[in-house]
Amino acid sequence: MDEIILGHIVTPTETIENGWIGMRDGVIAAIGAGKPPAATRTTDATGSYILPGVVDGQTHAGSCRGLPGIESTTRSAIAGGITTIVDMPYDNPAPLNNQERLAAKIEAIETSAHCDVALYATVMPGQGIDDIAPLVEGGVVAFKISSFESSPTRFPRITADQTHAIFAALSGTDIPLGLHNEDQEMVRAGIAAARSAGREGIAAHSDSRPIAAELAASAAFLELGAASGAHAHLVHFSTARGFQLTEQYRALGHRATGETCVHYLVLDPQEHGPALGARMKVNPPIRPNARDGLWQEILDGRVAFVSSDHSSWPIDNKNAASIFDAGAGVPGLETLLPAFFTEAARRGLDAPRLTAAQLSERPARFFGLWPRKGALRIGADADIVIFTPGEHVWDSAHAHDALNWSPFDGHRFAGRVTKTYLRGDLAWDGSAIVNTPGRGAYVRRGDTCWFH
């Protein structure tokens, strides 16, 4: 073996206490208990959990700095135990919606990325469907659109008739179409009502973008997907009801899924809003009293996977007198794994195995990256995380994302990432990034499918 790691090995079927995992030529070559085989190097992580590299199914590397943002985003990912990001198409100044922009983003990945990167693509208003098949051929893992317009050029609203056409074009493939799921008219009316009443703080944010707006947009989208026979995916449900709605469609034989994000599982505006304010503003909003229901949906198997929805916006984007003028989105790459693990452990759940399932295996299967990614199994890429238990207070001043702010500042996590390996090579040693830009690779969608 090139290297043996000793520790609690979390595989898809069991946790091997005081086991070992062996790497050779960038892949996992052996897993076992007892005496390990000979190796050039041995890393003794006894007492730590050896987890598969996280596959973060929703990041926004280029939302502020454009394609150069890939370097800092992937640097932060590696420090957080994330070995593959699935990056959204809404890059600044223009989204990934054609072959030319796909080629430019792949070039940026091959030049700048510290971790592996899979890609979403999108379709712009009025754009035909002719670009969809070449993008699928180019290896994109999914498409995303929005029912709410944050920007007419970078994050536009796609109408129902065009959504139906996109679904039709994807219906013969395994490619999901994701939706930012908020009804535009309801949200704009809700914001106007809140402002008219003089409600400008974080407590008004959820009310102004009501659950009904989230569910109405989701239901319309699910129905269009069902009519086309395509895979409809809701990219961030903030309440349990969304997953129950999706399950109704799936039970009828339609391809329907939803994900949630770690901030919905940990934060609550009633508890954290007074201190955080706009620092916890995301869309759809983090809802009061929603966490228990979302965790139950995870346990019931209705959540496809959990992501960070990392947004690479500087803190200046949050500095506004009104919550409605502050930008939405939060950084989250270095807190995804410890925040999820900590909250799962606090609830008395099997945190190591649930973390491996929701943050690695399930997103890898969803995006067609399995069996190369997503699990500690023989033959898979040696994407490995050592997560060491023990109280760790998060301080974003030490983050590697070039943003250095977080809604999780001061949170006491139940452990930290002490090593990250990317395809067998040490990339994070617990205190510094030790791989170089360009070590990450563009990862194309493979043959596996969520519904097979």
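These legends go with several close-up views of a predicted model.

**View 1. The largest nonpolar core and its busiest members.**
Welcome to the inside of the protein! The largest nonpolar core holds 96 residues. Phe143, Val306, Leu337 and Phe340 touch the most other members of this core. Helix α12, residues 336-346, supplies the largest share of the core, six residues. A second, separate core has 15 residues, including Val86, Tyr120, Ala304 and Ala364.

**View 2. Val306 and the residues it touches.**
Pick out Val306, one of the residues that touch the most other members of the largest nonpolar core. Which residues does Val306 touch, not counting residues up to four places away in sequence? There are Thr260, Cys261, Val262 and Leu265, then Ile298, and further along the chain Leu336, Phe340, Gln358 and Leu359. Of these, Leu336 and Phe340 are also found among the buried residues of α12.

**View 3. Cys261, a buried residue in a strand.**
Cys261 sits in strand β12, which covers residues 260-261. Is Cys261 buried or exposed? Its relative accessibility is 0%, and because buried means under 20%, Cys261 counts as buried. Leaving aside residues up to four places away in sequence, Cys261 touches Gln58, Val235 and His236, as well as Val306, Ser307, Ser308 and Asp309. You can also look for Gly332: 71 residues separate it from Cys261 in sequence, while their C-alpha atoms are 9.7 Å apart in space.

**View 4. Helix α12 under cover.**
How many of the 11 residues of α12 are buried? Nine are, and the helix is mostly covered. The buried residues are Leu336, Leu337, Pro338, Ala339, Phe340, Phe341, Thr342, Glu343 and Ala344. As you trace the chain just past α12, you meet Gly348, which takes a positive phi of about 80°.

**View 5. Helices α12 and α13 crossing.**
Two packed helices are described by the angle between their axes and the distance between the axes. Here the axes of α12 and α13 (residues 351-366) come within 9 Å and cross at roughly 135°. That angle makes α12 oblique to α13. The crossing of α12 past α13 is right-handed. On the α12 side, the residues that meet α13 are Leu336, Leu337, Phe340, Phe341, Ala344 and Ala345. An α-helix has 3.6 residues a turn, so residues three or four places apart point the same way. On the α13 side, the meeting residues are Ala351, Pro352, Leu354, Thr355, Gln358 and Leu359.

**View 6. Strand β4 and two of its partners.**
Strand β4 covers residues 41-52 and runs parallel to strand β1, residues 3-10. How many bridges join β1 to β4? Six bridges do, and in one pairing Leu6 has Asp44 of β4 as its bridge partner. β4 also pairs with strand β15, residues 384-393, this time in the antiparallel sense and over four bridges. To find this pairing, look for Leu51, which stands opposite Val385 in β15.

**View 7. Two cis peptide bonds before prolines.**
The peptide bond from Asn283 to Pro284 is cis, and its omega is near -10°. Where is Pro284? Pro284 belongs to the loop between α10 (269-276) and α11 (291-299). Another cis peptide bond runs from Trp370 to Pro371, with omega near 5°. Pro371 is part of the loop between α13 and β15.

**View 8. Asp25 and Asn404, two loop residues with positive phi.**
Asp25 is not a glycine, yet it has a positive phi of about 55°. Asp25 is in the loop between β2 (15-24) and β3 (27-33). With a relative accessibility of 66%, Asp25 counts as exposed. Asn404 is not a glycine either, and has a positive phi of about 60°. The loop that holds Asn404 lies between β15 and β16 (412-422). Asn404 is partly exposed, at a relative accessible area of 35%.

**View 9. Glu107, an exposed residue in a helix.**
Glu107 has its place in helix α2, residues 99-112. The relative accessibility of Glu107 is 54%, and because exposed means over 50%, Glu107 counts as exposed. How far apart in space are Glu107 and Gly374, C-alpha to C-alpha? They are 24 Å apart in space and 267 residues apart in sequence.

Technical notes: Residues numbered from 1 in each chain as written. Predicted model: local features only at pLDDT ≥ 70, side-chain atom pairs only at ≥ 80, totals over all residues. Heavy atoms only, no water. Core = buried A, V, L, I, M, F, W, Y, C linked by side-chain atoms within 4.5 Å. Buried < 20%, exposed > 50% of the residue type's maximum accessible area, 1.4 Å probe, protein only. Contact = heavy atoms within 4.5 Å. Pairing = 2+ DSSP bridges. Axes fitted to C-alpha atoms, helices over the stretch in contact; angles between N-to-C directions. Parallel < 35°, antiparallel > 145°, perpendicular 65-115°, else oblique. Left-handed = near helix turned anticlockwise from the far one by under 90°.
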